[in-house]
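Work through the following exercises with the sequence and the model at hand, and compare each step with the solution given.

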Amino acid sequence: MRCYCCSSKSFDECCEPFIKGDKHPSSAEQLMRSRFSAYATAHYQYILETYTKEKQQGLSVEDLAQSAQGATWFALKVHPTLAASSVDSLVGNLVSSTEDSSIDSTVHADAKVEAVTNAEPISKTNLKSISKPITKPITKPNNAIVEFTAYYFENKSMYQLHETSNFSVEDGKWRYHDGVLHDDCGKIKYGRNLPCVCGSNKKFKQCCATKSR
Ligand SMILES: [Zn+2]
Ligand SMILES: [Zn+2]
């Protein structure tokens, strides 16, 4: 099945290895996606562990489970950031045209950043061989911002949570710190014949609307 975070990958190739602890997210966006999938699958231990240490203080798995009770998280949209879209023009050839553009630009921006980082030793070699000075090394940032909208049902109503979140690296791992909610959070009406918010290209009534309860 398609991953809960609405990426183009399956759950076992996307968020599941992070939630199981087999792999660690290599970007803030991956962490955010995996936390959404953890909410969707009620893995509250993972939610707790992926907060920054400061925010973990005073939180418990029980608190998290309680606050999420009654909500069915069913779709996620990651909004393109300025940073991501500027890198995107470089790596556009990696983008699959079938996916939702807002999701693609950020996902592929990650791929792009990785590609650039991986390519560095090669470019160094090339530069050396033509005896030009080496350009400044690419360093990975320790803080990042991701803007997203998450959709959920509660008591048969549809809600959206639109947040811009702050992430930091602690002990080499991405962690969620906090976020700012946008004014459009809350109950929403979404047309049953509109394309589903999950990006499936199906009508809402034939897709995620069936998960309402
Ligand atoms: Zn995922
Ligand atoms: Zn859907």
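**Exercise 1.** Place L181 in its strand and decide whether L181 is buried or exposed.

Solution. L181 lies in β4, which covers residues 173–181, a strand being a DSSP run of E with at least two residues and a helix a run of H or I with at least four, numbered from the N terminus. Because 12 other C-beta atoms lie within 10 Å, L181 is exposed; the classes are buried at 20 or more such atoms, exposed at 12 or fewer, and partly exposed in between, with C-beta atoms placed from the backbone. Leaving aside neighbours within four places in sequence, L181 is in contact with H162 and E163, where contact requires C-beta atoms, placed from the backbone, within 7 Å.

The model is predicted, with local features needing pLDDT of at least 70 and side-chain atom pairs 80 or more, while totals for chains, interfaces and linings use all residues. Residues are numbered from 1 along each chain as its sequence is written, and chains are lettered from A and ligands numbered from 1 in the order written.

**Exercise 2.** Determine which element gives the most residues to the largest nonpolar core, and describe its burial and span.

Solution. The largest nonpolar core (buried Ala, Val, Leu, Ile, Met, Phe, Trp, Tyr and Cys residues joined through C-beta atoms within 7 Å) has 38 residues, and F36 is among those with the most contacts inside it. α2 gives the most to this core, with seven residues. All 13 of the 13 residues of α2 are buried, so α2 is largely enclosed by the rest of the structure. From first to last C-alpha, α2 reaches 18 Å, close to the 18 Å expected, that is, 1.5 Å times one less than the number of residues.

How values were computed:
Contact = placed C-beta atoms within 7 Å.
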